[in-house]
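Let's take a walk through this one together, strand by strand, and then look at its empty spaces and a few odd backbone angles. Have the model open as you read.

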Amino acid sequence: MVLNLDNWLFDVRIALRALVRQRGFTALVVLTLALGIGASTAMFSIVSSTLLEPLPFADPERLVVVWQTDRRTGTEREAASVPDFFDFRDRSRTLAAAGAYSLSEAYLSHPGADVERVRVARTTANLADLLGLRPLVGRLYTEDEDRPESGPVVVLSESLWRRAFGADSGVVGTALELDEVRAEVIGVMALPAVVPEESADVWMPWRETATTSPRWNHGARVIGRLAPGVELEAARSELEQLGRVLEAEYPDSNQARGVFVEPVETVLRGSFRGALRLLLLAVSLVLLIACANVANLLLARGAARRQELAVARALGASSWSLVRRFMV
């Protein structure tokens, strides 16, 4: 069988004329397929970015969230108190490192721009390194700058830096105000730079110690990295035991409180993983239905062209030429 380009071009011209001549049929088929393909593509894009792409952290499978629990209220996931975080960090042997953060909002002002409300992440100095995040411009704050007596410094997110400062690297070393507190800009955090809960516009030192906040105040979100060779169950067992020790040591503040450890990926994706999969399945079924409807339309159209095919065969058209015409 020899492929003849002229024959193919002839069939293409016939097909285009037929599509133009039967505008209603053409529009119905295109609209049906467009809805099915568009919905499937949009849903898969969401599933891909949410479930399939790796988390924007270094070795995310080794990252865990350390929650405190409350047996009196049935709470299984609660932020830790600041003193308890330091006990987790200092006493645990299954965690290679642990960091903490808290989220808040503040009003940002700087010369030449309007005041805007921004999301602020106050983090321990080691959190960015624990997550594998790096600065795009400048540097990150140090352990010394994470002390209560140190002067205020901030790191901008890349998105805020580009939006509010025109991606000017000269912003490093300048000052801005957060809730009327003057702070020096020391760097820009490269994308993707998110704390495990959500993205932040500004990063600042946490500046907490074991004595700056009471044990009954639970506002520290704790992230840990499993030590080499340590499995999740081992970390859970150790930290649950540590929770019982702290409950005995501090019965007034830690009564009925325990510890629960789970992977960061479960926290970020577990709550909606099943729902997204069901939606993707439903949208895929919509695409299949759209294809079935188009197939039915084409079959009905083909049945109506039987006389045309009979004439073509009578004039000497081969079976291959008719198949080629339908393919086009």
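Start with the strand at residues 63-70, S1. Leu63, Val65, Trp67 and Thr69 point one way from S1, while Val64, Val66, Gln68 and Asp70 point the other way, and all of them are buried. In a regular strand the side chains alternate between the two faces of the sheet. Put as a count, eight of the eight residues in S1 are buried, so the strand can be called mostly covered, given that buried means under 20% relative accessible area. Keep in mind throughout that this is a predicted model.

Now for the company S1 keeps. With S12 (residues 257-263), S1 pairs in the antiparallel sense over seven bridges. Asp70 is a handy place to look: its bridge partner in S12 is Arg257, and its bridge partner in S2 is Thr75. S2 covers residues 75-78, and its pairing with S1 is antiparallel too, over two bridges. S1 and S2 form a hairpin with four residues between the strands, and there Gly74 takes a positive phi near 80°.

S1 also runs antiparallel to S11 (residues 218-226), with four bridges joining the two. Along that pairing, Val64 stands opposite Gly224, and Val65 stands opposite Ile223.

Stay with S11 for a moment, as there is more to see on it. Seven of its nine residues are buried, so S11 is mostly covered, with the same cut-off of under 20% relative accessible area for buried. S4 (residues 95-109) pairs with S11 in the antiparallel sense over six bridges. Ile223 turns up again here, as the bridge partner in S11 of Gly99. A short neighbour, S3 (residues 80-81), is joined to S11 by two bridges and runs antiparallel to it; in that pairing Ala80 stands opposite Ala220.

Next, go to the stretch of chain that leads up to S12. Helix H7 spans residues 251-254 and includes Ser253. The Ser253 side chain makes a polar contact with the side chain of Asn254, at 2.9 Å. Once neighbours within four places in sequence are set aside, Ser253 is in contact with Arg215 and Trp216.

Gln255 sits in the loop between H7 and S12. Is Gln255 buried or exposed? Neither, quite: its relative accessible area is 46%, so it counts as partly exposed. Again leaving out neighbours within four places in sequence, Gln255 is in contact with Arg72, Glu247 and Tyr250. For a sense of scale, compare Gln255 with Arg182: the two are 73 residues apart in sequence, and their C-alpha atoms are 40 Å apart in space.

What about the empty spaces? Rolling a probe the size of a water molecule over the atoms shows where empty space is left. The second largest pocket holds about 200 Å³ of space. It is lined by 14 residues, and the closest to its centre are Phe86, Arg89, Glu143, Asp146 and Glu208. Helix H3 (residues 82-91) gives the largest share of that lining, three residues. By class, the lining of this pocket divides into six nonpolar, three polar and five charged residues.

Cavities are another matter. A search of the whole structure finds one of 30 Å³ or more, and the largest cavity contains about 50 Å³ of space. Its lining is made up of Thr123, Thr124, Ala125, Ala128, Leu140, Tyr141, Val155, Met189 and Trp203. Seven of these residues are nonpolar and two are polar, with no charged residues in the lining.

Last stop: the backbone. Most residues other than glycine have a negative phi. Asp179 has a positive phi of about 50° although it is not a glycine. You'll find Asp179 in the loop between S8 (175-178) and S9 (181-189), where it is partly exposed at a relative accessible area of 42%.

Arg207 is another residue to check, with a positive phi near 60° and again no glycine. Its loop is the one between S10 (202-205) and S11, which brings you back to a strand met earlier. How does Arg207 count, buried or exposed? Its relative accessibility is 19%, and buried means under 20%, so Arg207 counts as buried.

Conventions: Residues are numbered from 1 along each chain as its sequence is written. This is a predicted model: local features need pLDDT of at least 70, side-chain atom pairs count only at pLDDT 80 or more; totals for chains, interfaces and linings use all residues. Side-chain values use heavy atoms; hydrogens and water are left out. Buried means under 20% relative accessible area, exposed over 50%, partly exposed in between (1.4 Å probe, protein chains only). Two strands pair if DSSP finds at least two bridges between them. A polar contact is a pair of N or O atoms within 3.5 Å; within protein, one must be able to donate a hydrogen and the other to accept it, and residues adjacent in sequence count only if both atoms are side-chain atoms. Contact means heavy atoms within 4.5 Å. On a 1 Å grid over the protein atoms alone, a cavity is a set of points where a 1.4 Å probe fits but cannot get out, and a pocket is an open set with protein on both sides within 12 Å along at least five of seven lines; lining residues have an atom within 4 Å of a point. Grid points are joined across faces, edges and corners, and a volume is the space filled by probe spheres set on the points. Ala, Val, Leu, Ile, Met, Phe, Trp, Tyr, Cys and Pro count as nonpolar, Asp, Glu, Lys and Arg as charged, and the others, Gly among them, as polar.
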